[in-house]
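Here are a few exercises to work through with the model open in your viewer. Try each task before you read its solution.

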Amino acid sequence: MEKKKYLEGDDLETTSMEPLSPMSQMLSSPNLFIVITFGFKTKCNPSAFIEGLKTTLINAPRFSSKMVINYKKKGEPVWIPVSIQVQDHVTVPDLDYPNIKNPDQFLEDYTSRIANIPMDMSKPLWEFHLLNIKTSNAESVLLAKIHHSIGDGMSLMSVLLACSRKISDPTALISNTSATRKPVKSRISAWWLIVGLWFMIRVTFTTLVEFFKLMLTICFLRDTKNPLMGNPDDGIQSWKVIHRIISFDDVKLVKNTMNMKVNDVLLGMTQAGLSRYLTTKYDGYTMIQKKEILENIRFRGAVAINLRPTTNIEDLANMMAKGSKCRWGNFIGTIIFPLWIKSENDPLEYVRRAKATMDRKKISLEAFIFYGIIKFTMIFFGGKAVEAFGKRIFGNTSLAFSNVKGPDEEISLFGHPISYVAGSALVGSQALNIHFISYVNKIVINLAVDTTTIPDPHQLCDEIVEALRIIKSAVQEKISHKVEV
């Protein structure tokens, strides 16, 4: 395993240093990184990528700095700017493409192989792999391996968009992807004062309850042992990274019919898919016994929540082009989300439960409290305590979950039109990481699993896809029933 380089002697006096943020500190291990897959509609031109990176990505400070240990500051890691050769970070493997019989399987194996190699901490913490291999969904593929201390999923998506251009207008940046909020009319009356007071009471009470649950999880409360939960003391033995493309329109149909958010639908179909998968894992039990097992299981996920106001894409582009300042990086909180793992006759109950739980989480300040605890721990106890805090959270829950909204219109990266974007954040000690990324009319389901715990990730992915199909059918039946009435 690569170790962080130590900074000592006169280097401390002559080098410009910047400390890691509290969340980056928690994610500073060489084994914590994000693997992003870009499928392109054309063959890949390595020279175009190298030239494109020289004018964009390496001008972002984190991509031209390396992490070293400053022994004068309690041995904490810091960012040090360094000179960089882009070609040292770009790999173009010499492959015998005509003899690759199953390109999809080859890509899956290649992605999993780089996911099991710790990040080289002796240089800036990113690398690109360009593969001119035709798969079911792309003519060529780019694999980007980026250390999680550089940024969270939303930050990296924003940087990607700032490097990209619209296909409809190759000189134009894409618009920001955040949803527009409806203006709220200002009304001052006794009724609104009462509603506001009641809302504050709800926020306070809910926050106290969720904070209590969070502290229990940090101290000792662990999920019920189940076939999807590894042993945190053993660590991750062997990552397997897979992805599956589904229709965004199917998700939107459920969302609009059930009057909820996209994230609610994704959590609902995840709950349904996990319930279906776990039902198959208790051999020797009757269906009644399996139902009782699922009724009594405690199964929770660490769900990443973006705490940052929307970053303007133009500001990021100016940061890389002109060296201007722009705030980005790791600014996320985490909530402990109890998943509804049951054997339900009504498939829509899974999405209803997901919405109800997320609505409760939204009015609490749990994600901000989580970030505040990390910052407090960092200041008073140091980075080692922060890393231990993270291990407790991830070790006591069954999975990690996130959803990243991608662009609504087609884009190109350095002249290469993008077909889809997939990605998995390899974090924590959970044996299961589930991430969703949207791109135009597609959503990609991304699974990263420890194969010593979950040897059949494709079956698990099949169950999640099938869960969406069943939920969609139930929604269509509900719509037709309304029409008939």
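**Exercise 1: a residue at the surface**

Ile-194 counts as exposed, because its relative accessibility is 53%. Keep in mind that you're working with a predicted model.

Task: Find out which helix holds Ile-194 and which residues make a nonpolar surface patch with Ile-194.

Solution:
- Step one, place the residue: Ile-194 sits in helix H6, which covers residues 190–219.
- Step two, check the exposure: exposed means over 50% relative accessible area, and Ile-194 comes out at 53%.
- Step three, collect the partners: Trp-191, Trp-192 and Val-195 join Ile-194 in a nonpolar patch of about 440 Å².

**Exercise 2: the cavity**

Task: Work out how many cavities of 30 Å³ or more the structure holds, and what kind of residues line the largest cavity.

Solution:
- Start with the count: there's one cavity of 30 Å³ or more.
- Next, the volume: the largest cavity comes to about 140 Å³.
- Now look at the walls. The lining has 14 residues, with Phe-38, Leu-57, Phe-128, Ile-146 and Leu-160 lying nearest the centre.
- Sort the lining by type, and you get 14 nonpolar residues, no polar ones and no charged ones.
- Finally, trace the lining back to the fold. Strand E3 (33–40), strand E8 (140–147) and helix H5 (153–163) supply at least two residues each, and H5 gives the most, with four.

**Exercise 3: salt bridges, buried or not**

Task: For the salt bridge between Asp-223 and Arg-300, decide whether Asp-223 is buried or exposed, and do likewise for Arg-300. Then look at Lys-134 with Glu-139 and Lys-472 with Asp-250.

Solution:
- The total for the model is 22 salt bridges.
- In the pair Asp-223 and Arg-300, the closest N and O atoms are 2.6 Å apart. Asp-223 lies in the loop between H6 and strand E10 (239–247) and Arg-300 in strand E11 (300–306), so the bridge ties together parts 77 residues apart in sequence.
- Buried means under 20% relative accessible area. Asp-223 is buried at 4%, and Arg-300 is buried at 7%.
- Lys-134 and Glu-139 also have their closest N and O atoms 2.6 Å apart, but Lys-134 is partly exposed at 48% and Glu-139 is partly exposed at 25%.
- Lys-472 meets Asp-250 at 3.0 Å, N to O. Lys-472 is in helix H14 (457–484) and Asp-250 in helix H7 (248–258), so this pair links parts 222 residues apart in sequence.
- One more thing to look up: Glu-210, Lys-213, Arg-360, Lys-361 and Glu-366 are joined into one network by salt bridges that share partners.

Definitions and conventions: Residues are numbered from 1 along each chain as its sequence is written. This is a predicted model: local features need pLDDT of at least 70, side-chain atom pairs count only at pLDDT 80 or more; totals for chains, interfaces and linings use all residues. Side-chain values use heavy atoms; hydrogens and water are left out. On a 1 Å grid over the protein atoms alone, a cavity is a set of points where a 1.4 Å probe fits but cannot get out, and a pocket is an open set with protein on both sides within 12 Å along at least five of seven lines; lining residues have an atom within 4 Å of a point. Grid points are joined across faces, edges and corners, and a volume is the space filled by probe spheres set on the points. Ala, Val, Leu, Ile, Met, Phe, Trp, Tyr, Cys and Pro count as nonpolar, Asp, Glu, Lys and Arg as charged, and the others, Gly among them, as polar. Patches are made of residues with over 30% relative accessible area and no salt bridge: like charges are joined within 9 Å, nonpolar side chains (Val, Leu, Ile, Met, Phe, Trp, Tyr) within 5 Å. Accessible areas come from the Shrake-Rupley method with a 1.4 Å probe; for residues, only the protein chains shown count as cover. A salt bridge is a side-chain nitrogen of Lys or Arg within 4 Å of a carboxyl oxygen of Asp or Glu. Buried means under 20% relative accessible area, exposed over 50%, partly exposed in between (1.4 Å probe, protein chains only).
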